[in-house]
Amino acid sequence: MTRTDPDSCPGVLRLHQAADGPLARIRVPGGRLSPEQLQALAAAAVDLGDGNIELTSRGNVQFRQVRDAATLGERLTEAGLLPSATHERVRNIIASPLSGRVGGWTDVHPLVPALDEGLQADPRLAELPGRVLFTLDDGRGDVSGLGGDIGVHAIDENTYALLLAGKDSGIRISPSEAVDLMLAAAHGFLELRDGQWRLHEVPDGSAQLTEHLLTSRSDLTADGEPLELAPRQDIPIGWLNQDDGNVALGAGVRLGSLPARTAEFLAAVERPLFVTPWRSVVLTDLDEWTAEQVVRVLAPMGLIFDANSPWLLVSACAGRPGCAKSLTDVRADVTTAVDSGRVIPTGAPQFPREALDADDIVAAGRQHWSGCERRCGRPKGHVTDIIATPDGYRIDPGAA
Ligand code: SF4
């Protein structure tokens, strides 16, 4: 696939003109936000946006209905959330959210700032399309299946597999080599691409880039036992005992829209928070008493600490009024479906159906509601599609 147009991914300095107003996307490498950064986002959402912080499927955040982009840029720069004007849109880095705290072979989080700084320090890498995604998986397999372009996946405490276009390249490296090799792969992609936005769009992109790296570095081989990497819906929810004796709390966020008021409460706990690629958050490094108080206060405010909540089964595109292409307000429809008990657990059979009223939809298991056939924001893996059409909703069960 050859593209002739530049990618249109929004940032803070280049807003997307959505139907409900300008939209700004803020990169959060590794999903990590300090309490001060979360507080700054909450304040900006109220002062300059629609009052919510939207969580994206890449662990970034975005604001809708932005009123003053210049002031937003200043505030984010002050909070350390816009460190580069030239490279802001290429800082798409997902890391296993629980890494270094709960399980995993190794802690991938120290690699995040090193990779981020390496990207920003290299003028040529500002030319990467804003859709390129880097993944850092500590071996548990939670983010390697998310369709990244360039990634590493720990296979033991001292070895990473290099992933290209979501596939195992066979190249094995030590932790100290990981960042440099990912940056070399990013350069290689720029040399190979002919307008493509993603490595998988380049014909034989993964194999070509592997060959490119082997040619440029004589010490590398690509003879590792191939890894099978599958998409997983591995949302960390509820009480999670950290390896150091502290507690992490995983919290689902309804349709990925975090109200600023809830974000302020999370920031007030004064612990690091991670935005996950499943549109949820993980609050870390809590003692047990504090964790209990967080659940007591924030569950009634809508955060989801129950792994069996139907809210964890549903996702939706922006729909109306945010998207001009949408045939309906899908987020209102899915909210009604959840509240009225029509989103039911996995296991019940699901049949294809067409021309349905929103109130007649009963759907089981993971499901993504879309306002048109483009199905923006659809999660990877086994998901039932519920799609608005001119004749009503259509249910497409279980397409992978
Ligand atoms: S799926 Fe369609 S309606 Fe929904 S956000 Fe994408 S383009 Fe808009």
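## Around the ligand

Ten names make up the shell here: the ligand is surrounded by Cys-317, Ala-318, Cys-323, Lys-325, Ser-326, Gly-371, Cys-372, Arg-374, Arg-375 and Cys-376 (a residue is near a molecule if one of its heavy atoms lies within 4 Å of it). By type, that shell splits into 5 nonpolar, 2 polar and 3 charged residues. For that split, Ala, Val, Leu, Ile, Met, Phe, Trp, Tyr, Cys and Pro count as nonpolar, Asp, Glu, Lys and Arg as charged, and the others, Gly among them, as polar.

Keep in mind that this is a predicted model, where local features need pLDDT of at least 70 and side-chain atom pairs count only at pLDDT 80 or more, while totals for chains, interfaces and linings use all residues. Residues are numbered from 1 along each chain as its sequence is written, and side-chain values use heavy atoms, with hydrogens and water left out.

## The whole protein

The protein has 8 helices and 22 strands; these are DSSP runs numbered from the N terminus, helices being H or I with at least four residues and strands E with at least two. The C-alpha trace spans about 60 × 50 × 45 Å along its principal axes. With 400 residues, a compact globule would have a radius of gyration near 21 Å, and the protein agrees because its own value is 21 Å (taken over C-alpha atoms; the rule is 2.2 Å times the number of residues to the power 0.38).

Of the 400 residues, 55% count as buried. Buried means under 20% relative accessible area, exposed over 50%, and partly exposed in between, using a 1.4 Å probe and protein chains only. Of the contacts with a separation of 6 or more, 62% come from residues 24 or more positions apart (contact means heavy atoms within 4.5 Å).

## A five-stranded sheet

One open sheet has 5 strands in the order S6-S7-S8-S9-S10, with mixed pairing; two strands pair if DSSP finds at least two bridges between them. Its edges are S6 (93-95) and S10 (167-173), each pairing on one side only. From one strand to the next, the twist averages 20°. Inside the sheet, S7 (residues 134-137) and S8 (residues 150-156) run parallel over 4 bridges, and Thr-135 stands opposite Gly-151 in S8.

Helix H3 (residues 111-120) lies across S6, S7, S8 and S9 (159-164), at about 170° to S6. Axes are lines fitted to C-alpha atoms, for helices over the stretch in contact, and angles run from 0 to 180 degrees between N-to-C directions.

## Backbone oddities

Most residues other than glycine have a negative phi, and most peptide bonds are trans. Ala-165 has a phi near 55°; this residue sits in the loop between S9 and S10 and is buried, with a relative accessible area of 18%. Arg-375, from the ligand shell, also has a positive phi, about 55°. Arg-375 lies in the loop between S20 (367-370) and S21 (383-389) and is partly exposed at 33%.

Then there's the cis peptide bond joining Arg-320 and Pro-321, with omega about 0°. Pro-321 belongs to the loop between S16 (314-316) and H8 (330-339).

## Ala-388 and its neighbours

Ala-388 is in S21 and is buried, with a relative accessible area of 5%. Leaving out residues up to four places away in sequence, Ala-388 touches Leu-327, Thr-328, Ser-370, Gly-371, Cys-372 and Tyr-393. Two of these, Gly-371 and Cys-372, also surround the ligand. Ala-388 and Val-330 are 58 residues apart in sequence, yet 7.8 Å apart in space, C-alpha to C-alpha.
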